[in-house]
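Let's take a walk through this one together, beginning with the ligand and working outward. Have the viewer open and follow along.

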Amino acid sequence: MLVAGAGDECSRRAIVVVGAGAAGLWAAQRAGVLLQARGERPDVLLLEKTPRAGTKILASGGTRCNLTTTLGPQSAAQLFGTEGGRFLKTAFRVLPPSAVREQFLAWGVPSVEAPLDKVFPASGSARDVRDALVRACEAAGVEMRRECPVTGVELDGNGWLVHLADGRSIGARRLLLSPGGKSYPGSGTTGDGYAWLAALGLEVIPGAPALVPLVSPAPWVHELTGLSVQDAVVRLRDTEGTILGTRERPVLFTHRGLSGPGAMDLSHVVARAMEGHDARGSGTPGFTMEVDLLPGVTREALADQLRVAAARRGAPTVVRLLAGELPRRLVETVCRQAGLDAQIRCHVLPRAKRHLLVEQLKALPVPISGTAGFDEAEVTAGGLALRELDPGTMRVKRFQDLYVFGEVVDLQGPIGGLNFQAAFSTAELAAVAAARG
Ligand SMILES: Cc1cc2nc3c(=O)[nH]c(=O)nc-3n(C[C@H](O)[C@H](O)[C@H](O)COP(=O)(O)OP(=O)(O)OC[C@H]3O[C@@H](n4cnc5c(N)ncnc54)[C@H](O)[C@@H]3O)c2cc1C
């Protein structure tokens with residue numbers, strides 16, 4: 001029974017959702033709609049710590065919001081790794097990417113497809129996505145309280161108590177938690193939910209920054225700032241040369257290192273390894289991101305190309321030969337890394353140097369010393385362990401009427417609308433189960 005303290009709200013709410021991000025907004029509106037459809041009062045309360053709902057939606061996709069993917073449910077789920085993919089099978093079947101697009105279309109937000117399996121609102125405005133979700137909540141009778149930070153949750157005799165920063169508590173028959181991770185803390189997500197879940201005795205996998213730019217100590221990398229390679233294949237190796245991950249995605253050179261989907265998709269691997277070393281107190285581990293700048297050409301074909309050019313009368317310089325394939329500045333750097341002057345003509349290129357040049361083009365070794373950290377991470381790897389959740393409802397197995405979904409769960413996909421899709425799909429399951437009661 002809810003024992004009201006001074007300022008507590010005496011009536012117990014049917015459903016309380018904590019966190020008005022992508023997941024919380026989706027769950028709240030859906031729960032409201034389902035309760036209304038059953039002829040019940042949509043007694044759904046959505047609590048948000050900050051003055052704004054959906055802050056990360058506004059910042060997403062360079063303010064264009066890559067809201068989902070063109071991939072089918074199975075292919076999309078597989079991108080979350082073996083365990084994550086298995087876990088998300090039901091969620092992505094119940095609310096596949098196509099259904100997210102249909103729902104947004106019904107809300108007046110048509111979407112368009114873009115390269116790399118991405119989907120954006122046709123307007124190119126993340127605000128349209130966020131506003132559609134907020135309007136859907138309003139239409140579904142959801143009560144939203146902004147600037148209402150939750151400080152903890154507790155099980156009581158008849159359900160759940162949600163403790164607020166102002167000292168009051170709210171009773172809930174069903175509690176839906178979607179407070180996000182701890183990436184981009186400036187937006188309000190400071191990992192609050194992990195402590196609540198750990199206090200309930202649930203297993204929480206420690207968070208690591210993911211989808212975050214990589215830092216390189218090499219000045220030659222910084223000098224390439226602003227240069228991108230659209231058709232790149234990247235391989236992350238440790239000091240022993242073991243391949244830790246491979247991606248076929250664009251990379252971008254920055255003033256600190258590497259960014260772009262190819263580099264960011266593998267960043268959690270670097271973050272996790274750094275963490276291990278920090279904990280052991282040992283020196284910083286080194287990594288190499290090998291960038292295949294010309295994945296469409298084999299080493300042999302490239303060597304042949306150089307040999308044929310060398311045999312031509314008036315053999316071109318290396319930089320001229322590769323000008324059509326790669327930016328001049330990049331070719332010059334690659335040559336320098338191979339110990340060559342880019343202006344050298346192909347016919348005076350010694351055999352050993354030709355081999356070295358081919359190696360640099362096929363596996364340019366970019367030294368990596370770490371990541372830009374949580375401040376710039378798009379998502380958090382880690383969170384509530386999957387084994388604590390029923391993948392068909394997102395209900396915490398050990399508790400009645402507690403549902404956890406969105407980024408606070410140990411699920412992490414690559415760049416490409418996959419993380420919003422996971423937020424929406426897991427929110428859908430939680431809302432349907434909670435509304436059913
Ligand atoms: C810059 C950037 C760009 C991104 N671009 C994309 C993209 O284009 N496509 C894509 O798929 N993903 C993208 N992501 C990732 C995506 O934003 C997340 O996967 C998604 O927002 C997760 O949704 P969520 O609702 O679980 O968490 P969040 O969106 O983080 O929402 C959690 C909410 O809970 C609130 N909250 C936290 N603590 C409390 C508390 N104590 N009390 C009350 N409320 C609380 C927070 O203020 C926040 O509003 C991007 C992320 C960033 C940072």
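**Around the ligand**

Sort the shell around the ligand by class and you get 15 nonpolar, 16 polar and six charged residues. Keep in mind as you look that this is a predicted model. Among the 37 residues around the ligand, the ones that come nearest are glycines: Gly19, Gly21, Gly180, Gly188 and Gly406. Glycine is put in the polar class here, so these five sit on the polar side of that tally.

Which helices contribute to the shell? At least two residues each come from helix H1 (22-37), helix H2 (55-63) and helix H15 (418-436). H2 gives the largest share of the shell, with five residues.

Now zoom out to the protein chain as a whole. You'll count 15 helices and 21 strands in it. The C-alpha trace spans about 90 × 50 × 35 Å along its principal axes. Of the 437 residues in the protein chain, 49% are buried. As for how the chain folds back on itself, take the contacts between residues at least 6 apart in sequence: 74% of them join residues at least 24 apart.

The domain assignment splits the chain in two. Domain 1 is made of two segments, 9-208 + 377-436, while domain 2 covers 213-372. Measure from one C-alpha centre to the other and you have 39 Å between domain 1 and domain 2. Where they touch, six residues of domain 1 are in contact with eight residues of domain 2. What classes do the residues on the domain 1 side of that contact fall into? Five are nonpolar, one is polar and none is charged.

For a closer look at some strands, find the open sheet of three, ordered E3-E5-E4 and paired antiparallel. Why do E3 and E4 each have a side without a neighbour in the sheet? Strand E3 (68-69) and strand E4 (111-114) are at the edges and have a single partner strand each, so one side of each stays unpaired within the sheet.

Stay with E4 for a moment. Its antiparallel pairing with strand E5 (residues 118-121) is made by four bridges. To pick out one of them, start from alanine 114: its bridge partner in E5 is lysine 118.

Technical notes. Residues are numbered from 1 along each chain as its sequence is written. This is a predicted model: local features need pLDDT of at least 70, side-chain atom pairs count only at pLDDT 80 or more; totals for chains, interfaces and linings use all residues. Two strands pair if DSSP finds at least two bridges between them. Domain bounds come from an automatic or database domain assignment. Two residues are in contact if their C-beta atoms, placed from the backbone, lie within 7 Å. A residue is near a molecule or strand if its C-beta atom, placed from the backbone, lies within 6 Å of it. A residue is buried if 20 or more other C-beta atoms lie within 10 Å of its own, exposed if 12 or fewer, and partly exposed in between; C-beta atoms are placed from the backbone.
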